[in-house]
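Dear colleague,

I am passing on a structure that I would like you to look through at your own pace. Please open it first, and then read the notes that come after it.

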Amino acid sequence: MHLHKYEKWWLIFGVGTLITFLLILGYGAFYLGTHPQSHGITIDPQEIEAEESFKPENLGLTKVDEGQYVLNVVASAFNYDLGTDEEGKPVKHIQIPKGSTVLVQAVTPDVIHGFNIAGTNANMMVEPGFISSMEVTLNKAGEYTLLCNEYCGSGHHMMFATVEVTE
Amino acid sequence: MAIEKLLKYEQDSRFPLTLSKSESRLYMSFISFAFIALFVGGLMGLLQVLVRSGYYTLPAGIDYYQVLTVHGVVLGLVLTTYFIIGFQYTLMGKTVGISDTQYRVAWLGFWVMTLGTVMAAITILYGKASVLYTFYAPLQAHPAFYIGLALVIIGSWIACFVNWRQLYVWKKKHPGEKSPLLAFMVVINMIMWFIATLGVAASVLLQFIPWSLGYAATIDVLLSRTLFWYFGHPLVYFWLLPAYMAWYAIIPKIIGGKIFSDSLARLSFVLFLFFSIPVGLHHQLTEPGVQTTWKFVQIILTFMVVVPSLMTAFSMFATFEISGRRKGFGGLFGWFVHLPWKDVRFLAPFVGMLAFIPGGAGGLINASYQLNSVIHNTIWVTGHFHLTVATTVILTFFGITYWLVPHLTGRKLTPSVNRLGIIQTIFWAIGMTIMSAAMHIQGLLGGPRRSSFSEYNGSEQVAEWGAYQVAQAIGGTILFIGIVLMIYIFIKLAFFSPKGNEEFPIAEEEKDAEPTPMWLEKWKLWVAITIALILFAYTIPIMDIIQHAPPGSAPFAWPIGNN
Amino acid sequence: MMKKKTLPNSSSQEPNLKGTIISVSIVGFIIVASWFAVFGLFLSR
């Protein structure tokens, strides 16, 4: 099979580019440890409260250390449960100081949901049977929308909360 | 070189074959069904962009997601599959012929597919299957939806068997000859389709149907998703390869050139067979239950499938340049200026090719592991596949329609329809540029896909998306005008154009082309390598998914209003 | 039927594909540029 000289150049350039991309991604993944979430930790979707983190009193944002937070979320059709405030009202607005690290943990008792703090890298699928989790650092102050980005039924687009990154 | 060479194939002596009247009717049935789907699905698309603009509410309490389900199923599964199978039959009919038995079995396939489509359609229209075309468990549709889907798949398998048989019979009659290029490509595409649909068929038959009928209490959600995406990525190549068939072996004839390289065209198709399937995990990168190592392995395999597309890009430009230079247009880009821009049979697929440049670049980004979290399930993805399938593939299919339909109905593509076709192509190009660009940008800003209009928390961020959704409505409306034009053109070509003989363009090789090496016809080896790659990429992840499965999920019918 | 023809050795000159290599280079540039643009966005977030 004969390849034109220029086609060889093109394929060498193309394959070289693909390898470069893969090396950059592989370096990020296996040297720096930046993976998309994948922990494989299972949970019974009908018994999510059996897990300490998802008991009603542990939901929402908790400060564990200076600049260290945990955010436990139960995503269900069509609501994000972020716990309740002092008056017993559901929390729909959380504030996180800029630059702090947040360990997000999310589960669902029903169907598949998305967890996306829009405009950030905090983007995960939330599937029945698994605990979704990832650590994020939000570096830009502002008001972000936490929303469901996987279709979960007729009220899918009504599923949201606000994440405010404060100065 | 010690490679065994095939005899030089004398193309003039044998094909193109003539298509009989009854054959043409079979092929037209598939293609007409595809155009009905285009209109229905396109209308749904128009409703979606209007709703999402925020200035329009659906009448009579129709659910946005029901409309979205129709759009995805009818365009992604019905339009594509019917057009592709119909087109591929004509390619086989032209190059290797069809026997009476094969013809009858082909009709059987058509009716099985159509029965399945009608079943699924009725279920969706009754609001019992608003699960979108991906039907992710544990959202539960009515069993008739899943049974309908299974029938569509089984019907398409019948087309696989017929196409394979057609080439097999031809090869028996022509020992030692290489198979005609287009027949080779069709058979590759159908092998890929068959192997890929085994995954979704297993999921539908063994998981969804028993579960939706109540025989199984729960379903393994992650397994069903993994089997779906095992099918879902090769699905997009099943759409793309027929477009590549036209680019490699039909466009050269239309522009008055020759096939750039028969062997490279075949090689690229073999590579597509290898690398289209073992890559589905790149749709599942942000999922909690799949191991990172295997996600990354499939990312590497995904990048491999880029290589045959790089080869295709080179072949296309080379075909254009060589034929232009032969006609005497010198200079660096003289050949480009003198391409037949006023011939819609060329222009429409060419615009499709252009769309594949940003489409392919976007695809690489989507599959780039960590980068996926920037765009996953944002409307960027919708913008991406409206470039690839809804522009590259569909404009190529339109480009085929302009000569294929009159060829089948014994009519002519008239200059006035040609002119209308050019206008149609321009509408499509403009509408899609606006809509897809707006989707890409809004996606990078975080706007979600598959979502009805919502102001969410009323934040500035969400308000910023509004302008892009209005732009999508403008682009989508222009596209819908394009669809109406195309339906008009189709009806005109099928029923009202003047009688005559429209050419079925099949390009030939250069007289002194290098012969195609024999090893490209090692079918068993290609299938064996394909299966080996699939086993390599999927055995451990699927074993892991099954062994470490959480308790299964009970059905949820109420979120989609299927009570 | 199966007459073997003598194959001309590919002594014929390679076609001039200067325009092609320039065109695909543009394609390559678009791919690389858009990839790094999104990569930059990923890092900045």
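The notes below take up the interface between the chains and then two pairs of helices.

Please keep in mind while reading that this is a predicted model. The contact between the two chains takes 67 residues from chain A and 75 residues from chain B, and the area buried between chain A and chain B is about 5600 Å², with carbon and sulfur atoms giving 66% of that area. Across this interface the rule finds two salt bridges, and in one salt bridge the side chain of Arg225(B) meets that of Glu127(A) at 3.2 Å, N to O.

Within chain B, the axes of helix 2 (residues 21-53) and helix 3 (residues 64-95) come within 7 Å and cross at roughly 155 degrees. Because angles over 145 degrees count as roughly antiparallel, helix 2 of chain B and helix 3 of chain B are described in that way. The crossing of these two helices is left-handed, and their contact has 25 nonpolar, eight polar and two charged residues.

Further along chain B, the axes of helix 9 (residues 262-276) and helix 11 (residues 306-326) come within 8 Å and also cross at roughly 155 degrees, and these two helices are therefore roughly antiparallel to each other. Helix 9 of chain B passes helix 11 of chain B in a left-handed crossing. Among the residues that make this contact are Leu264(B), Leu267(B) and Phe272(B) of helix 9, together with Pro308(B) and Met311(B) of helix 11. By class, the residues of this contact divide into six nonpolar, three polar and no charged.

With best wishes

Key
Residues are numbered from 1 along each chain as its sequence is written. Chains are lettered from A and ligands numbered from 1 in the order in which they are written. This is a predicted model: local features need pLDDT of at least 70, side-chain atom pairs count only at pLDDT 80 or more; totals for chains, interfaces and linings use all residues. Side-chain values use heavy atoms; hydrogens and water are left out. Axes are lines fitted to C-alpha atoms, for helices over the stretch in contact, and angles run from 0 to 180 degrees between N-to-C directions. Helices (H or I, at least four residues) and strands (E, at least two) are DSSP runs, numbered from the N terminus. Angles under 35 degrees count as roughly parallel, over 145 as roughly antiparallel, 65 to 115 as roughly perpendicular and the rest as oblique. A crossing is left-handed if the near helix is turned anticlockwise from the far one by less than a right angle, and right-handed if clockwise. Ala, Val, Leu, Ile, Met, Phe, Trp, Tyr, Cys and Pro count as nonpolar, Asp, Glu, Lys and Arg as charged, and the others, Gly among them, as polar. Contact means heavy atoms within 4.5 Å. Buried area is the accessible area (1.4 Å probe) that two parts lose on being put together, summed over both. A salt bridge is a side-chain nitrogen of Lys or Arg within 4 Å of a carboxyl oxygen of Asp or Glu.
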